[in-house]
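Subject: Structure for you to look at

Hello,

Here is the structure I promised to pass on. Please open it next to this email and follow along.

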Amino acid sequence: MNSLVFENRNDEIDYDRLGGLCFIGRYERRLPVSIVRMMENAYDWEHLPHVHESSFKGINLVEDGKWGWRAVAILPDSRSQHLELLVDRAQSYWATTVLSGDAKGFEIHTQAKQVTANEIDVVINFYLPKAFSKVLLGLNISKWFLPFKLYKKVAEKLGINNVSASDSPETSILNALHYQYSVLYDEDETLMSGRQEAIDRQKKNNNLESPTRLSIGQVGTVLKQLPKVVQFGKHRYVVNQWKGEWVIYAADCPHMLGPIEESDIDSQGRVTCPWHGYQFDILSGKSCSDGGADLKGAPTLSIVGDHLVAHTD
Ligand code: FES
Ligand SMILES: [Fe+2]
């Protein structure tokens, strides 16, 4: 891995450079989220391998700040790619540049615009360096996209029927990019909407009284509902079974409120948050990831008669 790739980079987007690049096309999308969630998502390098598994296998941050971030991304086929994302906050604009690998020089410029309080439009423009010849476009660049057959199948599903093997490299690449970005934004939409719901829910539940006891239900019934999410006072918890024992642990990730209830429990008694991969021990609630916060403390579970009861007394 060449660490010099990121040396002497400017932390601001150089808009004048766009004229020297070759514009290949754009992808546009309306999203049911606020501009705040969208900008948060742009800065969030950590979600890439967890939320966008088909595009990223891993990511190692090199540096980040208000200006954006630089990281080495690991692609699904294990090749690595130096990525830089620069943000122009005032303009709700960000530019991603690939600085190494087959796609070196590829730039993705994104403009977000608020439509209503909870709706935005994003316009994503794709650029290549002008120096790329058609041969390079065809032989080199298309390698990092889907093989033609697979691409044709997904394109048809999307209603793009005019796909042909004789498409120019630019058309093939643009079509493949449209597919890839529709998947990426589907995944981001789920993450951003889920986070907004979690924030709203937390605000609403902040006024709830904290009980000392809560009946979860009749044991046999609860067994059929696992994992079962319950509201106990201000917080949500997951009631589950692990190795034949009842367990209860917080459902909201302390990092960014990710849905812990979506995780299976692994053989070591750990759950993994689906948004950024932080892991937690379900019995102690302790974080198993470097620097991560612990899960919120959980009540105790007891069987009273034939009912499962959560309690703090
Ligand atoms: S929300 Fe980020 S790891 Fe859970
Ligand atoms: Fe994303």
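Start with strand E15. One face is covered, and Leu-308 and Ala-310 belong to it. The other face is uncovered and holds His-307, Val-309 and His-311. This pattern fits a general rule. In a regular strand, side chains alternate between the two faces of the sheet. Keep in mind that this is a predicted model.

Now look at the strands around E15. Which strands form the open sheet, and in what order? There are three, in the order E8-E15-E14, and their pairing is antiparallel. E8 (213-218) and E14 (300-304) stand at the edges. Each has a single partner strand, so one side of each is left without a neighbour in the sheet. Neighbouring strands here are turned by 30 degrees against each other on average, if direction is ignored.

What holds such strands together? Strands of a sheet pair through backbone hydrogen bonds, either parallel or antiparallel.

Take the two pairings in turn. E8 and E15 run antiparallel and are joined by five bridges. Here Ser-215 stands opposite Val-309 of E15. E14 and E15 (residues 307-311) also pair in the antiparallel sense, over five bridges. On this side, Ser-302 stands opposite Val-309. Ile-303 has Leu-308 of E15 as its bridge partner. So find Val-309 on your screen: Ser-215 is opposite Val-309, and Ser-302 is opposite Val-309 too.

E14 and E15 also form a hairpin, with two residues between them. Check Gly-305 in the turn. Its phi is positive, at about 65 degrees.

Next, go to helix H1, residues 35-43. Which of its residues are buried? They are Arg-37, Met-38 and Ala-42. Look down the axis of H1. The buried residues fall within an arc of 140 degrees, so they line one face of the helix.

Last, zoom out to the whole protein. Six helices and 15 strands are present. Of the 313 residues, 27% are buried. How are the contacts spread along the sequence? Count those between residues at least 6 apart in sequence. Of these, 50% join residues at least 24 apart.

That is the tour. If you retrace one part, make it the E8-E15-E14 sheet.

Best wishes

How values were computed. Residues are numbered from 1 along each chain as its sequence is written. Chains are lettered from A and ligands numbered from 1 in the order in which they are written. This is a predicted model: local features need pLDDT of at least 70, side-chain atom pairs count only at pLDDT 80 or more; totals for chains, interfaces and linings use all residues. A residue is buried if 20 or more other C-beta atoms lie within 10 Å of its own, exposed if 12 or fewer, and partly exposed in between; C-beta atoms are placed from the backbone. Helices (H or I, at least four residues) and strands (E, at least two) are DSSP runs, numbered from the N terminus. The arc is that of the directions from the helix axis to the C-beta atoms. Two strands pair if DSSP finds at least two bridges between them. Axes are lines fitted to C-alpha atoms, for helices over the stretch in contact, and angles run from 0 to 180 degrees between N-to-C directions. Two residues are in contact if their C-beta atoms, placed from the backbone, lie within 7 Å.
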